[in-house]
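Student: Could you take me through how one reads a two-chain model, from the confidence values to the packing of helices and the backbone angles?

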Amino acid sequence: MPTVTSVRDALERIRGPQTTITTYGPERDDALHEFLERFDVELSHERLPIPASQSYLTVRRDGTYHGSASLPDSAGVDDPPRNPPWDDTVETAGYRELTALLAGTAFTSVQRRHLLATSREIEDRAWRVGRGTLYAGFQSLSAFRSQLAVYRRLAAETALDVRVYGAPDWEPPEVPGVLVHSGDGVESELGAFWFVAFDGGGDDEMACALVAEQETDDTYRGAWTYDPAVVRAFTAYLDETYGPHSSADRETSGERDVVDDRDTPGQDGFGEQNG
Amino acid sequence: MTTMATAHEDPLSEYLRALAHPYRRVVLYYLREHERATLDALGDCLAGWMGAGPETGSSADPETIRVALHHVHVPKLADAGLLTYDPETQRATLEPLSPTVDRFVSTALDADTGAESVDHLLARRDD
């Protein structure tokens with residue numbers, strides 16, 4: 001796999017071939033259709049006189065049948081819960097099938113809160129594997145603030161290495177196991193892209209990455225992938241471009257790249273609850 | 001094993017035989033809504049029905065389903081006069097269903113998608 005040359009380049013790799021989604025059930029689920037319309041898919045509904053609770057969807061990619069998912073389960077993807085990865089009390093896995101089926105399909109105009117569902121998927125995988133490296137780019141470090149408790153626990157209770165990236169509008173406290181890379185990065189990409197990636201911790205089947213570019217105040221375009229080769233190329237790019245170069249002195253002091261002091265209007269740091 | 005004594009079955013037996021496989025029933029449920037369909041459309045509908053729909057968990061390979069539809073099930077439905085099938089274009093078109101057959105299909109749909117067992121449903125229809 002040729003090397004990834006930027007975060008944008010990684011996003012282009014993740015986007016895949018033409019996808020068709022067909023929902024089956026008594027009535028079209030407008031909310032789910034509205035969500036799915038933001039993806040680069042051909043979307044259609046076929047009426048079937050079955051109970052709504054048994055409705056489902058199928059996915060075709062590049063002319064081949066790709067899989068199916070239950071519709072009631074998938075509805076959760078539109079309004080994902082915000083509980084942390086280790087919380088098994090809440091039903092979070094319902095939309096997992098749909099998330100897997102949508103891997104490699106580009107989306108646009110998706111709100112931040114929808115990206116949280118996929119981000120949680122990735123964090124959840126990292127938590128379950130318990131080792132390897134989790135990469136999280138929050139655009140600005142102030143957005144990382146609301147996730148600090150989650151990431152502190154991820155780092156403390158597992159053998160995970162955590163690397164956080166973002167523009168330096170906030171100085172996080174030192175957290176063992178968490179390396180912070182602040183700065184705007186190559187052509188301000190760290191400020192423009194939100195990403196979460198997990199290298200699988202030695203298990204390629206668990207590798208995954210989400211890369212999204214901010215479009216407007218609250219919407220993003222992007223894609224996620226479960227392709228280990230793409231994930232590997234992306235994380236290699238992050239490591240080579242942003243460090244760490246020496247984990248020993250980074251962990252306690254936190255790495256500080258050249259800081260760009262310019263104002264970044266429009267980035268309100270989604271750390272606060274805004275839907 | 002009994003042998004078929006006559007070359008032509010009575011219509012009722014033919015219809016019941018046509019409904020006697022879940023794939024054929026789902027094809028009929030779909031065609032009653034859409035009248036005509038390609039094999040791809042029927043195959044996807046069935047694969048999803050088995051994978052995540054009313055029969056969630058049945059692991060049926062979509063390609064296997066498609067091949068079975070093309071070679072076995074759709075021709076059987078055509079033999080029973082319930083649809084016409086063009087194997088070249090792989091398109092199936094529903095034939096008009098008599099009220100009796102339509103009732104059979106509806107009852108089957110209730111059983112295939114409901115929590116009730118078939119026995120219970122048939123008992124209810126007696127009143």
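The dialogue below takes up confidence, overall make-up, the contact between the chains, helix packing and backbone angles in turn.

Student: Where should I begin, and what is the mean pLDDT of chain A?

Tutor: Begin with the fact that this is a predicted model, so that confidence is read before geometry. In chain A the mean pLDDT is 82, and 81% of the residues reach 70 or more. Over residues 246-275 of chain A, however, the pLDDT is below 50, although this stretch has 39 contacts in the model beyond near neighbours in sequence.

Student: How many helices and strands are there in chain A, and how many in chain B?

Tutor: Chain A has ten helices and twelve strands, while chain B has six helices and three strands, which follow one another along the sequence of chain B as α-α-β-α-α-β-β-α-α. Of the 275 residues in chain A, buried residues make up 45%; of the 127 residues of chain B, 30% count as buried. Contacts between residues at least 6 apart in sequence can also be divided by separation: 66% of those in chain A join residues at least 24 apart, and for chain B the figure is 54%.

Student: How many residues of chain A are in contact with chain B, and which elements of chain A give two or more residues to that side?

Tutor: The contact joins 17 residues of chain A to 16 residues of chain B. On the side of chain A, the elements giving two or more residues are the strands β1 (19-25), β2 (41-47), β3 (56-61) and β4 (64-70). The residues on this side of chain A divide into nine nonpolar, five polar and three charged.

Student: How are two packed helices described, and at roughly what angle do α3 and α4 of chain B cross?

Tutor: The description of two packed helices rests on the angle between their axes and the distance between those axes. Helix α3 (residues 39-51) and helix α4 (residues 62-79) of chain B have axes that come within 9 Å and cross at roughly 130°, and α3(B) and α4(B) are therefore oblique to each other. The crossing in which α3(B) passes α4(B) is right-handed. From α3(B), B:Leu39, B:Leu42, B:Gly43, B:Leu46 and B:Ala47 meet B:Pro62, B:Ile65, B:Arg66, B:Leu69 and B:His70 of α4(B), and the residues of this contact comprise seven nonpolar, two polar and one charged.

Student: Which residues of α2(B) meet α3(B)?

Tutor: On α2(B) they are B:Tyr23, B:Val26, B:Val27 and B:Tyr30, which meet B:Leu42, B:Cys45, B:Leu46 and B:Trp49 in α3(B). The residues of this contact divide into eight nonpolar, no polar and no charged. The axes of α2(B) and α3(B) come within 10 Å and cross at roughly 120°, in a right-handed crossing.

Student: Is the crossing of α2(B) and α5(B) left-handed or right-handed?

Tutor: The crossing of α2(B) and α5(B) is left-handed. The axes of helix α2 (residues 22-34) of chain B and α5(B) come within 10 Å and cross at roughly 115°, which makes α2(B) roughly perpendicular to α5(B). Here B:Pro22, B:Arg25, B:Leu28, B:Tyr29 and B:Arg32 in α2(B) meet B:Val105, B:Ala108, B:Leu109 and B:Asp112 in α5(B), and the contact residues divide into six nonpolar, no polar and three charged.

Student: With which residues is B:Leu109 in contact, leaving aside its neighbours within four places in sequence?

Tutor: B:Leu109, which is found in helix α5 (residues 99-113) of chain B, is in contact with A:Pro49 and B:Tyr29 once those neighbours are left aside. B:Leu109 has 19 other C-beta atoms within 10 Å and is therefore partly exposed, since a residue is buried if that number is 20 or more.

Student: What sign does phi have in most residues other than glycine, and which sign does it have at A:Ser109?

Tutor: Most residues other than glycine have a negative phi. A:Ser109, which is not a glycine, has a positive phi of about 55°; its place is in strand β5 (residues 107-111) of chain A, and A:Ser109 is partly exposed, with 14 other C-beta atoms within 10 Å. B:Glu35 likewise has a positive phi, of about 65°, and is found in the loop between α2 and β1 (36-38) of chain B. With 12 other C-beta atoms within 10 Å, B:Glu35 is exposed.

Methods. Residues numbered from 1 in each chain as written. Chains lettered and ligands numbered in written order. Predicted model: local features only at pLDDT ≥ 70, side-chain atom pairs only at ≥ 80, totals over all residues. pLDDT = per-residue confidence, 0-100. Contact = placed C-beta atoms within 7 Å. Helix = DSSP H or I, 4+ residues; strand = E, 2+ residues; numbered from the N terminus. Axes fitted to C-alpha atoms, helices over the stretch in contact; angles between N-to-C directions. Parallel < 35°, antiparallel > 145°, perpendicular 65-115°, else oblique. Left-handed = near helix turned anticlockwise from the far one by under 90°. Nonpolar A, V, L, I, M, F, W, Y, C, P; charged D, E, K, R; others polar.
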